[in-house]
Amino acid sequence: MIYYLIALFIIALDQLTKWLIVKNMAVGESITVIENLFYITSHRNQGAAWGILQGQMWFFYIITIIVIIGIVYYLQKHAKGIPLFSVSLAFMLGGAIGNFIDRLFRKEVVDFLNTYIFSYDFPIFNIADAALSIGVVLLIIYMIQEERKEKKEKLDGSNGAHHS
């Protein structure tokens with residue numbers, strides 16, 4: 001249950017920040033937070049990351065519904081009792097639903113976090129995008145840990161068999 005609350009918190013924070021941007025900033029308007037590093041920039045995106053698949057809303061509806069069903073399935077069936085796996089899925093669920101709400105009701109995604117990393121103007125993103133990215137990183141960490149654990153168990157098992 002706590003993992004659904006994490007996802008709900010991400011959705012609420014995402015939607016609140018997007019609402020604040022829509023209500024208080026014109027599209028294209030930018031506020032400097034840290035010069036040459038971080039800006040709040042009102043932007044809209046009808047596609048996916050880096051603006052790919054612009055205007056393909058039907059595609060995003062279908063994919064997002066499939067992803068949400070898959071995440072809920074894994075949370076219910078495979079992640080119970082595995083905190084890192086569950087948290088990664090909760091972050092991905094919150095992020096997926098946050099952007100889905102935008103696509104469903106606004107027909108575009110509100111982006112506003114604008115960063116420059118070593119003078120590279122990183123694509124503008126939002127809380128849902130950040131949550132999705134964090135969730136994927138946590139999932140990769142979990143998968144690496146599991147792989148190492150399995151290798152260790154195999155080694156321990158084969159070593160134990162020789163000593164019996």
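Is T64 buried or exposed? T64 is buried, because its relative accessible area is 9%, under the 20% cut-off for burial. The model is predicted. The protein contains 4 helices and 4 strands, and its C-alpha trace extends over about 75 × 35 × 30 Å along the principal axes.

**Fold and overall dimensions**
- Read from the N terminus, the order of elements is α-β-β-α-α-β-β-α.
- The radius of gyration of the protein is 20 Å, whereas a compact globule of 164 residues would have one near 15 Å.
- Of the contacts between residues at least 6 apart in sequence, 61% link residues at least 24 apart.

**Surface and charge**
- The protein has an accessible surface of about 10200 Å², and carbon and sulfur atoms account for 70% of that surface.
- Buried residues are 33% of the 164 residues.
- There are 13 positive and 13 negative side chains in the protein.
- The centres of the positive set and the negative set are 8 Å apart.

**Helix α1 and K18**
- K18 is a residue of helix α1, which covers residues 2–24.
- The relative accessible area of K18 is 0%, so K18 counts as buried under the 20% cut-off.
- With residues up to four places away in sequence left out, K18 touches G98, N99, D102, R106, V109, V110, F112, N126 and A128.
- Between K18 and S119 there is a separation of 101 residues in sequence, and their C-alpha atoms are 26 Å apart in space.

**Helix α2 and T64**
- T64 sits in helix α2, which runs over residues 57–77.
- Apart from neighbours within four places in sequence, the contacts of T64 are A96 and F100.

**Helix α3 and the residue after it**
- Helix α3 consists of 23 residues, from 83 to 105.
- The end C-alpha atoms of helix α3 are 33 Å apart. This agrees with expectation, because 1.5 Å a residue gives a span of 33 Å for the helix, the rise being multiplied by one less than the number of residues.
- K107, just after α3, has a positive phi of about 65°.

**Contacts that involve the α3 range**
- Helix α3 covers residues 83–105, and the contacts of T64 with A96 and F100 fall in that range.
- The contacts of K18 include G98, N99 and D102, which are also numbered within residues 83–105.

Conventions
Residues are numbered from 1 along each chain as its sequence is written. This is a predicted model: local features need pLDDT of at least 70, side-chain atom pairs count only at pLDDT 80 or more; totals for chains, interfaces and linings use all residues. Side-chain values use heavy atoms; hydrogens and water are left out. Helices (H or I, at least four residues) and strands (E, at least two) are DSSP runs, numbered from the N terminus. The radius of gyration is taken over C-alpha atoms; the globule rule is 2.2 Å times the number of residues to the power 0.38. Buried means under 20% relative accessible area, exposed over 50%, partly exposed in between (1.4 Å probe, protein chains only). Contact means heavy atoms within 4.5 Å. Accessible areas come from the Shrake-Rupley method with a 1.4 Å probe; for residues, only the protein chains shown count as cover. Lys and Arg count as positive and Asp and Glu as negative; His and the chain ends are not counted. The place of a charge is taken as NZ of Lys, CZ of Arg, CG of Asp or CD of Glu.
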